[in-house]
Amino acid sequence: MRFRHTLVTLTAVTLMLAGCGNNSTNSPQAAGPAAATSAAEKAPAPAPPMDAKAVLAKLTAAKLGATHGAVQDEDNDPNDLLGRPNGYTSRASADLPGGDTEADKYGIDRGLVIEVWPTADDADRRSKFIQDTLKNMQILGTEYHYRADQGRVLVRVSGKVKPSLAKKVEAALAGL
């Protein structure tokens, strides 16, 4: 009987001691959250979103032949989408070789349009709408669509522009 009493006491003491943990800062549990916090503090802040003016400057610097680059505002936006609900946050346009310089000012037929959307999903919807419309009404022509800045920037190139130049636009955007 005495042996049984000793065994029960020893088991109870062992269990009590096992429940006591080491609270030093060297334990893996204590270091985990602190290490994650310091790593998060050292991570660089995300780059601010690009606007159409910055994208236009990069494409102009790439020497693609873009001329008459212009940033649109709410007074001269041909689509009336700038700053409106479900619209883009900034827009720019330029003439590209092969585009129609006699077409409407700031229009895609002149060569190049840059639209910056609040989210990549918004830019996706816009691109899909345009491409579906052009596919269903082929008389309206064609466009190349390229993306930059985590998908928020939609760069539209007129289908009148040669494919080789459109590829150069795509390559210039790859670095953004």
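## Exercises on a predicted model

Isoleucine 139 sits in the loop between helix H4 (120-136) and strand S4 (143-148). Keep in mind throughout that this is a predicted model.

**Exercise 1. Work out whether isoleucine 139 is buried or exposed, and which residues share its surface patch.**

Start with the accessibility. Isoleucine 139 comes out at 80% relative accessibility, and the cut-off for exposed is over 50%, so this residue counts as exposed. Now look at the company it keeps: Met137, Ile139 and Leu140 form a nonpolar patch on the surface. Together the three have about 350 Å² of accessible area.

**Exercise 2. Get the overall layout: how many helices and strands are there, and what pattern do they follow along the sequence?**

Count first: there are five helices and five strands. Then read along the sequence, and the pattern is α-α-α-β-β-β-α-β-β-α. For the interior, buried residues make up 32% of the 176 residues. As for the outside, the accessible surface comes to about 11,700 Å², and 58% of that belongs to carbon and sulfur atoms. Finally, take the contacts with a separation of 6 or more: 56% of them are between residues 24 or more positions apart.

**Exercise 3. Find which residues of helix H3 (residues 52-61) are buried, and say where they lie around the axis.**

Step one is the list: Ala52, Val55, Leu56 and Leu59 are the buried residues of H3. Step two is to look down the axis of H3, where these buried residues fall within an arc of 100°, so they line one face of the helix. The spacing fits a general rule: an α-helix has 3.6 residues a turn, so residues three or four places apart point the same way.

Step three is the other side. The face of H3 turned away from its buried side carries the exposed residues Lys53 and Ala61. Last, ask what does the covering: the buried residues of H3 are covered by elements including strand S1 (67-72), strand S2 (90-95), strand S3 (111-116), strand S5 (153-158) and helix H5 (163-174).

**Exercise 4. Sort the aromatic pairs by their geometry.**

There are two aromatic pairs to deal with. In one of them, the ring centres of tyrosine 88 and tryptophan 117 are 5.3 Å apart and the planes stand at 85°, so the pair is edge-to-face. Tyrosine 88 is in the loop between S1 and S2 and tryptophan 117 in the loop between S3 and H4, so this pair ties together parts that are 29 residues apart in sequence. Both tyrosine 88 and tryptophan 117 are buried.

Now take tyrosine 144 and tyrosine 146: their ring centres are 6.4 Å apart with planes at 5°, so that pair is stacked. Tyrosine 144, at 23% relative accessibility, counts as partly exposed, whereas tyrosine 146, at 9%, counts as buried.

**Exercise 5. Check where phi turns positive in residues other than glycine: what are the values for aspartate 80 and tyrosine 106?**

The background first: most residues other than glycine have a negative phi. Aspartate 80 has a positive phi near 55° and lies in the loop between S1 and S2. With 45% relative accessibility, aspartate 80 counts as partly exposed. Tyrosine 106 has a positive phi near 70° and belongs to the loop between S2 and S3. With 17% relative accessibility, tyrosine 106 counts as buried. Add lysine 63 to your notes: this residue follows H3 and has a positive phi near 55°.

How values were computed: Residues numbered from 1 in each chain as written. Predicted model: local features only at pLDDT ≥ 70, side-chain atom pairs only at ≥ 80, totals over all residues. Heavy atoms only, no water. Patch = residues over 30% accessible without salt bridge, like charges linked within 9 Å, V, L, I, M, F, W, Y side chains within 5 Å. Areas by Shrake-Rupley, 256 points an atom, 1.4 Å probe, with all protein chains shown as cover. Salt bridge = Lys/Arg side-chain N within 4 Å of Asp/Glu carboxyl O. Helix = DSSP H or I, 4+ residues; strand = E, 2+ residues; numbered from the N terminus. Buried < 20%, exposed > 50% of the residue type's maximum accessible area, 1.4 Å probe, protein only. Arc of directions from axis to C-beta. Contact = heavy atoms within 4.5 Å. Phe/Tyr/Trp six-rings, centres within 6.5 Å; stacked < 30°, edge-to-face > 60°.
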